[in-house]
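Student: I would like to learn how to read the confidence of a model and then its interface. Where do we begin?

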Amino acid sequence: MTSTHTLRIDRIACTGHGQCAELLPELITLDEWGYPIVRHAVVPPDLRTHARNTVRACPRLAIHADPVTL
Amino acid sequence: MNRSAAPARHEATGTARLLAAWHADGRPANLTEHLDRHGLPPGPGACLIEAVEDAGLTGRGGAGFPTGRKMRSVARQRRRAVVVANGMESEPASRKDQTLLAVAPHLVLDGAILAARAVGADRVHLCVPRTRTGQLRDLAAAIDERRSAGLDVLRISLHALPHGYVTSESTALVHWLNGGPARPLGARTATCEKGVRGRPTLVQNVETLAHLALIARHGPDWFRERGTAETPGTILVTLSGAVRRPGVLEVEPGKTIDELLQQAGGPAEPLQAVLLGGFAGTWLPVEQALGLPFTRGGLAAAGAAPGAGVVAALPRDACGLAETARILTYLAGNGAEQCGPCRFGLPAVAEDFAALAAGRGDADLLSRLRRRVGLLPGRGACGHPDGAARLAAGALTAFADDVEHHRRHGHCRRPSVLAVPRETRLKEWR
């Protein structure tokens, strides 16, 4: 069993600042209007710190990393 | 299209249960007539939940969730619960709930009260759109009749909500009842645990509650005498478009789409396709659709679903792409406007689709449209963008020949057929 996190975006809170895509480009890109597309929701171990920083950096607190056990 | 809410009286085929009184008398049942026909609602009991589970009743609002399971999850919460009867029927291609409330309101109210007592609720909220003033007046009178007769131990409150496509969503109802706008709240809200005033809330479609009122009287075995093992009982469906007798029918799940069309008088002219499930549903070419049973299982293999019992028939002398473009324009103008991917993505898809239907697309149109449609699902707080994506993607498949034809030859200039409301954005959400 490994424990990791899944990215989740609160779509109502999100206003398309785009910080998440800048800080976690391996997992998140932006659509043509600046809103995040989560390409890969499960956070690999080597990106755990970056994911945590991304969650903290969102000005709208719109992105979350939910703990999951795989 | 038949604009009257009343279903055809000549459709009494013996299947009718919810609509039986209507077929017999041709007028809405008042309280006395209702009690004469159905008897008094039975006494209280949590054993109703077991009866509903045994009956296999599933929600009739479109999602088809097992009603007994939902009732249990509300009943097991510690705080006192609340019941919300959803009579909003925001799907423009559906008229079954308005019809049911018009002809058999007391079945719905019985069901709401019985459900409330079974889950330990002390209050029922009946939600209908404020634009249906006649319906509001009649429902208020029905509730008064019951109060005067001392029929119910619980209070039924009637609420007139803003009428928008997404305002019928269960979290939107809870949001409004809690003093906010009738906008969906997002996927993390478990209304069964925390809903109206933070209390466990049972939200049920009015048709589901009417079935429940009859299960309470006649039992689960009676309920299962009709329908299929997967979807027992009867269902209300709305047939529209190019059929001879459009309107609301009570049918058994398991009947094929061809049988439903025949029950609505058969096609008014040769058909090319049917739209199943509603504006957020799926187009199927008619040859593919006719033999399919109108159930979740029967339609799943074809990539479609019954939704809230909607079947719209598209004649050959119509353009599936143009109809889809009109519906997408309506959907784009009727979101809650809370989530970027939907606020921007839906109008862009609607515009691209309109250009496709008008035959004025650029070389990149189709690939751009497909890409944009692919980015809609799962990126909003509710299922609105997913529904629009389903409609658009299904249309590109079902009308693939037309796509080619429009690219080469431009607009086909066929007349509009389906009743799509004018795309007036809802201004007041409260």
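Tutor: With confidence, since this is a predicted model. Chain B has an average pLDDT of 93, and 96% of its residues score at least 70.

Student: Over which residues of chain B does pLDDT stay under 50?

Tutor: One such stretch is residues 1–5 of chain B, for which the model has 10 contacts beyond four places in sequence. Residues 9–13 of chain B are also below 50, and the model gives this stretch 12 contacts beyond near neighbours in sequence.

Student: What ipTM and pTM does the predictor give the complex?

Tutor: The ipTM is 0.95 and the pTM is 0.94.

Student: How many residues does the contact take from each chain?

Tutor: Chain B contributes 18 residues and chain A contributes 10 residues. About 1100 Å² is buried between the two chains, with 58% of that area coming from carbon and sulfur atoms. Of the area that chain B buries against chain A, 42% is supplied by B:Arg188, B:Phe344 and B:Arg379, more than by any other three residues.

Student: How many salt bridges does the rule find across the interface?

Tutor: It finds three between chain B and chain A. A salt bridge joins the side chains of B:Arg372 and A:Glu32, at 2.8 Å from N to O. Five residue pairs are in polar contact across the interface, both residues being at pLDDT 80 or more.

Student: Which elements give two or more residues to the side of chain B that touches chain A?

Tutor: They are helix H15 (340–357) and helix H16 (365–374) of chain B. H15(B) gives the most, with six residues. By class, this side of chain B has eight nonpolar, five polar and five charged residues.

Key:
Residues numbered from 1 in each chain as written. Chains lettered and ligands numbered in written order. Heavy atoms only, no water. pLDDT = per-residue confidence, 0-100. Contact = heavy atoms within 4.5 Å. Buried area = accessible area lost by both parts, 1.4 Å probe. Salt bridge = Lys/Arg side-chain N within 4 Å of Asp/Glu carboxyl O. Polar contact = N/O pair within 3.5 Å; in protein donor to acceptor, adjacent residues only side chain to side chain. Helix = DSSP H or I, 4+ residues; strand = E, 2+ residues; numbered from the N terminus. Nonpolar A, V, L, I, M, F, W, Y, C, P; charged D, E, K, R; others polar.
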